[in-house]
Amino acid sequence: MSFVTGLKCRECGRKYPKEPTAGCSECFAPLEVDYDYDAIAQTLTREKITRREPNIWKYRELLPLDGTPVVGPGTGCTPLLRAKNLGKRLGLTNLYIKNDSVNAPTLSFKDRVTAVAVNKALEFGLTAVGCASTGNLANSVAATAAAAGLPAFILIPENLEKSKVVGTTIYGATVVAVRGNYDDVNRLCTQIADRYAWGLVNVNLRPFYGEGSKTVGYEIAEALGWRAPDAIVVPMAGGSLITKIHKGFKEFEKLGLLDAPVATRIFGAQATGCNPIATAVKRSTCTIRPVKPDTIAKSLAIGNPADGYFAAGVIARSGGWAEDVSDPEILEGIKLLAETEGIFTETAGGVTVAVTQKLVAEKRIKPDDVTVLTITGNGLKTQEVLHTAPPVVIDPRLADFHSAVFGKAASA
Ligand SMILES: *Cc1c(COP(=O)(O)O)cnc(C)c1O
Ligand SMILES: [Zn+2]
């Protein structure tokens, strides 16, 4: 049972059937899944949602599958944590962390989009899946394809972090590293989509894939007691996640599931070494000028973001803003989150924390705003950026322990 009416061009509104399609053949803009919201409103209630198993499929009426999901049973419903310690450091009294660094199966928010796209590939009868990835999507597609029993063809830029490479090859996927940056990889992947009858999750399955990200918005609104937050900070690569979180809030509002209208200011976060969307927002335009990425935040290193235009638009219309931070600031952000909340995030999470600090200093986020930080990936995957002091090594003697810890010999 599906409430999907078809695909629709986000720019010119032209309608397309539910099929693997990369973009509008008229204007080349991205396509979006369209639903029969009146029919969904007839059946979907808060009670129904709350009673269901804690995974993304509890919102199944708002996801584009025709049948029962085959893969992704453990994806989604990650914790929304009250972050009092970090809040104190940032000067925010109502701070929350949406912790997708513990999402399943591969510890990033990408498991949400992949779960939808790979199930859709199975429904379409496609015999292989793949993607162009900055790292986390590679992990997620490789793992999910293995669970689905499909071969996976994964394209990555040559310079990815070691854990992201190993965390892809381990699942038996065919991994191809391309000399070039993500934008080169993506261009090649578009040609591959034309040549082979595969489901490339962020190319010809992209309209379906993007829908998975809406569940971040649903989960946050549900966990806040059926309310959207006052402010949310979201890291941006291609700019899809940030627009889909907003779409999630608006759909809940449209279906009458929220206690108050959505008045969320949407804030985008990027690294200064790859900031095309933040730059557009600061210039008060939605037109993206592509850049050449140069940052440790490799998961966000997309110089020509596919949804950048829409991300900049959503941010501006919401009364939000976008900021970017330097590589040293990203490292400080990672450390701050770890030391205050006990959450080890990757570089993208460091971007989110450091950008939030900037937004508070600029008074764009107010001290008592109900604010959510979207922590999208896990720190174990980007360990090489950190240069923490190695532990002290001692012989197994109590006196050695005491002098190592307290700096002097133990008194007898
Ligand atoms: C891909 C990614 C993002 C951004 O996703 P987009 O939808 O492309 O903007 C954010 N954080 C992490 C960790 C990611 O891997
Ligand atoms: Zn169009």
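These legends go with a few close-up views of a predicted model.

**View 1. Inside the largest nonpolar core.** This core is made of 118 residues. If you want to find its best-connected members, look for L86, I154, V201, F252 and V351, which have the most contacts inside it. The biggest giver is helix α14, running over residues 347-361, and it puts in seven residues. There's another core too, lying apart from this one: it has six residues, and I56, W57, A115 and V116 are among them. As a bit of background, nonpolar side chains tend to be buried together in soluble globular proteins.

**View 2. Zooming in on F252.** So who does F252 touch, once we skip its neighbours within four places in sequence? The list goes I49, Y59, L62, Y218, A221, W226, L257 and L258. F252 is also one of the residues with the most contacts inside the largest nonpolar core.

**View 3. Ligand 1 and its surroundings.** Here you can see ligand 1 with 16 residues around it. The closest are K110, G238, G239, L241 and T376. Now check the backbone: a polar backbone atom of G239 sits 2.8 Å from an oxygen atom of the ligand. For A237, the distance from a polar backbone atom to a ligand oxygen is 2.9 Å. S240 joins in as well, with a backbone N or O atom 3.3 Å from an oxygen of ligand 1. How much of the ligand does the protein bury? On its own, ligand 1 exposes 390 Å², and the protein buries 97% of that.

**View 4. F153 on its strand.** You'll find F153 in strand β7, which covers residues 152-157. Is F153 buried or partly exposed? With a relative accessible area of 24%, F153 counts as partly exposed, because buried would need a value under 20%. Leaving out residues up to four places away in sequence, F153 touches A128, V129, G130, C131, T174 and W198. Don't expect K366 in this close-up's contact list: F153 and K366 are 45 Å apart in space, C-alpha to C-alpha, and 213 residues apart in sequence.

**View 5. T382 in its loop.** This residue belongs to the loop between β13 (371-375) and α15 (398-406). Is T382 buried or exposed? Its relative accessible area is 1%, so T382 is buried. Not counting residues up to four places away in sequence, T382 touches E161, K164, E346 and T347.

Terms used:
Residues numbered from 1 in each chain as written. Chains lettered and ligands numbered in written order. Predicted model: local features only at pLDDT ≥ 70, side-chain atom pairs only at ≥ 80, totals over all residues. Heavy atoms only, no water. Core = buried A, V, L, I, M, F, W, Y, C linked by side-chain atoms within 4.5 Å. Buried < 20%, exposed > 50% of the residue type's maximum accessible area, 1.4 Å probe, protein only. Helix = DSSP H or I, 4+ residues; strand = E, 2+ residues; numbered from the N terminus. Contact = heavy atoms within 4.5 Å. Near = heavy atom within 4 Å. Polar contact = N/O pair within 3.5 Å; in protein donor to acceptor, adjacent residues only side chain to side chain. Areas by Shrake-Rupley, 256 points an atom, 1.4 Å probe, with all protein chains shown as cover.
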